[in-house]
Structure formats: structure tokens, C-alpha cells
Amino acid sequence: MVDNSTGSDHGEVVIVAIDDLDEILARAVRRALEGTNARLGTGGDEKASHVVTTITTGAVDEALSDVRRRFGGDIVVVGVIAVPDPTLWKRAERAGYDVVVTRGSVSPILRRLLSRPRDASQQRLLPLLDVGEVAGRVGHLADVDVPALGVVSLWRVDGRLLCTGLCTHQGVSLSRSEIDGTTVACPAHGSRFDLVTGERLRGPADSALACYSVTEANGRIHLVRPLS
Ligand code: FES
């Protein structure tokens, strides 16, 4: 559902859409827009830059894909979580919800989002881990399940933070692999890959390892994905 109202603290008019919100949440969104240049979309041809939607248990990645398909891949998606279940919260963040909020925080957090210029980097950061969880560790740090992408492996090698997919032979995790420099050997059948470039150095795997961009920000390690 797309609805209507007024409002940004910075020149440009921002259009906010609401999607499947109950009346209490819809009121919270309208409250956030009061006194700003932002307004609630009318459901016409205008393209919203932000959408507020609810997150329910189940396939959060599919729900998010549906929102992005309907509203556009670069829209800022604010997901409202009914029960602050930490597992669901993390899964929603890793799926790519730009902000996850509780029902009570919708208004102040949306207002804060609207007061900031939009990030023009054309990138989306998906939080994988708190830096503290892997502080001081080297080699394989963790395997993390990222909705819509699958399990990825985080590494710290030669002081660099790296992220790869699973072995391309039979999808085995490389977590128990031996590492020599930046070369990793799959423990299952011995395929070798370069962790920096993903290059396949020895079979039986016949394709390169997927490599993903990662960065540390605000005490967390994030997967960097293009807006899409
Ligand atoms: S699963 Fe890795 S080499 Fe077979």
C-alpha cells in the first residue's frame, strides 16, 4: 500500500511509501514526516526513495526481494520487526534491509534517516559479524549464512579481510582448510584456490571461488553489495 502526506530537512523532497503497515505504524510514519520536506507517496507514478514495511518470520529474503521488485532496487527499506528476536533481526540485516527497527522506534529512526542526505555510493552494506567476535583471529574467521547468497566464508589473511564462497567442486566449506600464503586447499578433495582472486589453482574443482567485497565499519564486518 502506498499512502499520502507531507514534508526534509535538506531541500530535496523525499517520498516515503508504506507497505502493509497497520494503522498504528502508519501513524508513526506520518509523525516522522511532520515538519520535514518528505511526504507519503500517493501511489501514483512517483518513485519513492524510502519504504517502511513489516518483517515477519519466514522468508525474509523473499519478502525483501518482493519489496525491491515493486519499489525499486535502490530504495531504502526500513523493516519493522514485531518481536525483537535477535536471530530474525540479524537475518533481516543480512538479507539487505537497510534499517531494522522495533515498532516503538519507527518514528525517531525514520526521522533521522530523512534528515540525512542519501548515500550516493550505490552500495549496500550487509552486516555479517561484530568485529569483536573474531578479534585477534587469523585464517578462517567464520562461515556466515547470507540470505539470497548462501554461506560465505570470512578470512583474515596477511592482514587483509577477505570473503569467499564455498568450494566450487561440491560446495564444501573451506573452514578446515590448510592455508599457505593466500592459497587455500579444500579439505574434501584437495582443490586449491587463491583466496584474494578466487582463481582455481588445482582441481577437481573446475571454476573459481566466488569472492565478495567486505569492509569494517561501526564495529561490524559488512559484506559490500551493489544496489540492485
Ligand atoms: S568439495 Fe572441495 S575439492 Fe571437492
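**Chat about the six-stranded sheet**

Me: How many bridges join β8 to β9, and which way do the two strands run?

Reply: Strand β8 (residues 150-157) is joined to strand β9 (residues 160-164) by 5 bridges, and the two run antiparallel; strands here are DSSP runs of E of at least two residues, numbered from the N terminus, and two strands pair if DSSP finds at least two bridges between them. This is a predicted model, in which local features need pLDDT of at least 70, side-chain atom pairs count only at pLDDT 80 or more, and totals for chains, interfaces and linings use all residues. Residues are numbered from 1 along each chain as its sequence is written.

Me: Which residue in β9 partners R156, and what sits in the turn?

Reply: The bridge partner of R156 is L161, while the β8-β9 hairpin has 2 residues between its strands, with D158 in the turn at a positive phi of about 50°.

Me: And what about β7 with β8?

Reply: Those strands also form a hairpin, with 3 residues between them and A148 in the turn at a positive phi of about 75°; 7 bridges join the antiparallel pair, and V146 stands opposite G150 in β8.

Me: Zooming out, what is the strand order in the sheet?

Reply: The open sheet has 6 strands in the order β6-β15-β14-β9-β8-β7, with antiparallel pairing.

Me: Why is one side of β6 and of β7 left without a neighbour?

Reply: Because β6 (123-130) and β7 (139-146) stand at the edges, each has a single partner strand, and one side of each is left without a neighbour in the sheet.

Conventions:
Helices (H or I, at least four residues) and strands (E, at least two) are DSSP runs, numbered from the N terminus.
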